[in-house]
Amino acid sequence: MTTAAAYENQATLTYRISFTAGPDLSGTLRRTSGTPVTMSTYYHGLPEPKGRFAGEYRHERDPERQTVNILANAVLERLGCDDDQYLAQILAQVTGGSIALHSEKGPCHSCRAVLRQFLQDYPMIASCVVTYRKTDKRGHAIRALEPAGGDLCGSYGYEDAVELGGNWRKVLR
């Protein structure tokens, strides 16, 4: 969802990350679309690939992207890392974990890319479960893979998501 949408998208990220030494990092992050992030944003997602906005990053304020960036910042802070070169050396201190992301709408192409990048950087995280609504707030059905529509490219969600408890669910790994 972009900030130009007529509705808000909310995302909640619940996480637990384990380290070789010290306590686990765990918690819940909640974000609403359109709110700016003032800290560093390691993951940028993908620009629009076609249409009127080709090449523009129209998803900078998407809550899915923001929660993953906030989590990445928390892990880097926990590791005492402020340098990308040094990061590769200390990532071995992350020994496991899991994340669960729930949003009102399935992740867009850009946010799906952010999730893939995060999981590539943290291969020791056992799973990432993404869930999103099967119906909008007005009760209209949402397909597992919903076309973006308008001037936006691609789609929201995952084609192979499965229905579980009134939501769409996709396990990434």
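A disulfide is a pair of cysteine sulfur atoms within 2.5 Å. By that test, this predicted model holds zero disulfides. Two cysteines show how the test plays out.

Start with Cys-111. Its closest cysteine sulfur belongs to Cys-108, and the two sulfurs lie 3.7 Å apart. The cut-off is 2.5 Å, so the gap between Cys-111 and Cys-108 is too far for a bond. Cys-128 is in no disulfide either. For Cys-128 the nearest cysteine sulfur is that of Cys-111, 12 Å away. Both side chains are out of reach of solvent by the usual cut-off. Cys-111 has a relative accessible area of 2%, so Cys-111 is buried. Cys-128 is at 0% and counts as buried too.

Cys-111 also leads into the helix packing. Two packed helices are described by the angle between their axes and the distance between the axes. Here the pair is helix H1, residues 63-79, and helix H3, residues 109-121. Their axes come within 9 Å. They cross at roughly 20°. Angles under 35 degrees count as roughly parallel, and H1 and H3 are therefore roughly parallel to each other. The crossing of H1 past H3 is left-handed.

Which residues make the contact between H1 and H3? From H1 come Glu-64, Arg-65, Val-68, Leu-71 and Ala-72. From H3 come Cys-111, Val-114, Leu-115 and Phe-118. Sorted by character, the residues of this contact are seven nonpolar, no polar and two charged. Cys-111, buried at 2%, is one of the H3 residues in that contact.

Stay on H1 for Asn-69. This residue is found in helix H1. Is Asn-69 buried or exposed? Its relative accessibility is 1%, so Asn-69 counts as buried. Setting aside residues up to four places away in sequence, Asn-69 touches Thr-41, Tyr-42 and Tyr-43. Glu-56 is 13 residues from Asn-69 in sequence, and their C-alpha atoms are 19 Å apart.

Now move to H3, which holds Gln-117 and Asp-121. Gln-117 has a relative accessibility of 30%, so Gln-117 counts as partly exposed. Beyond residues up to four places away in sequence, Gln-117 touches Tyr-43, His-44 and Gly-45. Leu-164 lies 47 residues from Gln-117 along the chain and 26 Å away, C-alpha to C-alpha.

Asp-121 is partly exposed as well, with a relative accessible area of 26%. With residues up to four places away left out, Asp-121 touches Tyr-42, Tyr-43 and Leu-91. Asp-121 and Thr-135 are 14 residues apart in sequence, but 33 Å apart from C-alpha to C-alpha. Tyr-43 ties these pieces together. Tyr-43 is among the contacts of Asn-69 in H1, of Gln-117 in H3 and of Asp-121 in H3. Tyr-42 is shared by Asn-69 and Asp-121.

Two loop residues finish the tour. Glu-104 sits in the loop between strand S3, residues 94-103, and H3. Its relative accessible area is 16%. Buried means under 20%, so Glu-104 is buried. What does Glu-104 touch, not counting residues up to four places away in sequence? The list is Asn-9, Gln-10, Tyr-132, Arg-133, Lys-137 and Ile-142.

Thr-35 is in another loop, the one between strand S2, residues 25-32, and H1. Thr-35 is partly exposed, with a relative accessible area of 30%. Leaving aside neighbours within four places in sequence, Thr-35 is in contact with Arg-61 and Gln-66. Thr-14 is 21 residues from Thr-35 in sequence and 19 Å from it in space, C-alpha to C-alpha.

Methods
Residues are numbered from 1 along each chain as its sequence is written. This is a predicted model: local features need pLDDT of at least 70, side-chain atom pairs count only at pLDDT 80 or more; totals for chains, interfaces and linings use all residues. Side-chain values use heavy atoms; hydrogens and water are left out. Buried means under 20% relative accessible area, exposed over 50%, partly exposed in between (1.4 Å probe, protein chains only). Axes are lines fitted to C-alpha atoms, for helices over the stretch in contact, and angles run from 0 to 180 degrees between N-to-C directions. Helices (H or I, at least four residues) and strands (E, at least two) are DSSP runs, numbered from the N terminus. Angles under 35 degrees count as roughly parallel, over 145 as roughly antiparallel, 65 to 115 as roughly perpendicular and the rest as oblique. A crossing is left-handed if the near helix is turned anticlockwise from the far one by less than a right angle, and right-handed if clockwise. Contact means heavy atoms within 4.5 Å. Ala, Val, Leu, Ile, Met, Phe, Trp, Tyr, Cys and Pro count as nonpolar, Asp, Glu, Lys and Arg as charged, and the others, Gly among them, as polar.
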